Amino acid sequence: MPPLGIELKRLRVERKWTQAFAAREIGIQQSYLSKLENSQFLPSEEVIDKLSLCYGVALTEFIPQTVQAVNPLDRFTKVAAFVLLLALLLWLCAQFELFYPETYFTYQAKQAQFWVVNVTQFYRGERFVEGDVIYEIVGERRVSRFENRVILVLSYLLALVGGVLLASKRFLNR
C-alpha cells in the first residue's frame, strides 16, 4: 500500500488536475496540498473527508495506523501524573493547614496575688479586658490536628502510588 502522499498525487495526476485546481476543489490551500503530497504533513480527519469526497475514494486506508495511535502521554502516564499532582496538592493543604487550622492564644493577667491564665482559639488583640481583669497576650501555639496528619499520610501514599505507576510504566516499556 503506497503512502498517503503518493496516493494523493496519483489521484490528482490521474484526473489531469493541477495542484492549484485540486486545492480549490478540495477547499484547502495549494501549499498545504503540496505538503500533503510530499508526505510532510498528515491531514486531519476533516481534510481526509474533503479529500475522499473530492477524489471519490476512501483515503483512511492510506494513513499509517501507527501515526493514528501516537499519543505522547498515554492514559497510563496521565493517571500517574494526576495521582502525583493530587498527592502534591494534599501535601500542601496538610502542611499549611488549609482545611483544619488550629491556633491557641494564651493570655495572662495578675489579679491580686494570683496569675490568671486564659487560653482561647480566638485572637483578641495584644490586650483585652474581661470584667475587671486586663489580659495581655503571652504566646500563641499552632496545634497540628489529627485530620491534617491523616491528609499528610494520604498524600505520601498517593505519591508512592504515582511513583510506582511511573516506574512500572518504564519497566514495561523496556
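The following dialogue examines how terms are applied to one predicted protein model.

Guide: This is a predicted model, in which local features need pLDDT of at least 70 and side-chain atom pairs count only at pLDDT 80 or more, while totals for chains, interfaces and linings use all residues. Residues are numbered from 1 along each chain as its sequence is written, and side-chain values use heavy atoms, with hydrogens and water left out.

Visitor: How do you know how many helices and strands there are in the protein?

Guide: Helices are DSSP runs of H or I with at least four residues, and strands are runs of E with at least two, numbered from the N terminus. The protein has seven helices and four strands. Their order from the N terminus is α-α-α-α-α-α-β-β-β-β-α.

Visitor: What makes the radius of gyration of the protein unlike that of a compact globule?

Guide: The radius is taken over C-alpha atoms, and the globule rule is 2.2 Å times the number of residues to the power 0.38. For 174 residues a compact globule would have a value near 16 Å, whereas the protein has 35 Å. The C-alpha atoms fill a box of roughly 110 × 40 × 20 Å along the principal axes.

Visitor: Why is E97 called buried?

Guide: Buried means under 20% relative accessible area, exposed means over 50%, and partly exposed lies in between, with a 1.4 Å probe and protein chains only. E97 has 11% relative accessibility and therefore counts as buried. Of the 174 residues in the protein, 29% are buried.

Visitor: Where is E97 placed, and what does E97 touch?

Guide: E97 lies in the loop between α6 (75–95) and β1. Contact means heavy atoms within 4.5 Å. Leaving aside residues up to four places away in sequence, E97 touches E102, R142, V143, S144 and N148.

Visitor: How do you know that strand β1 and strand β4 pair?

Guide: Two strands pair if DSSP finds at least two bridges between them. Six bridges join β1 (residues 103–111) to β4 (residues 133–142), and these strands run antiparallel; the strands therefore satisfy the definition. One of the partners in β4 is E140, which is bridged to F105.

Visitor: What makes β1 and strand β2 a pair?

Guide: Seven bridges link β1 and β2 (residues 114–120) in the antiparallel sense, where at least two are required. Q108 stands opposite V117 in β2. The two strands form a hairpin with two residues between them, and A112 in the turn has a positive phi of about 60 degrees.
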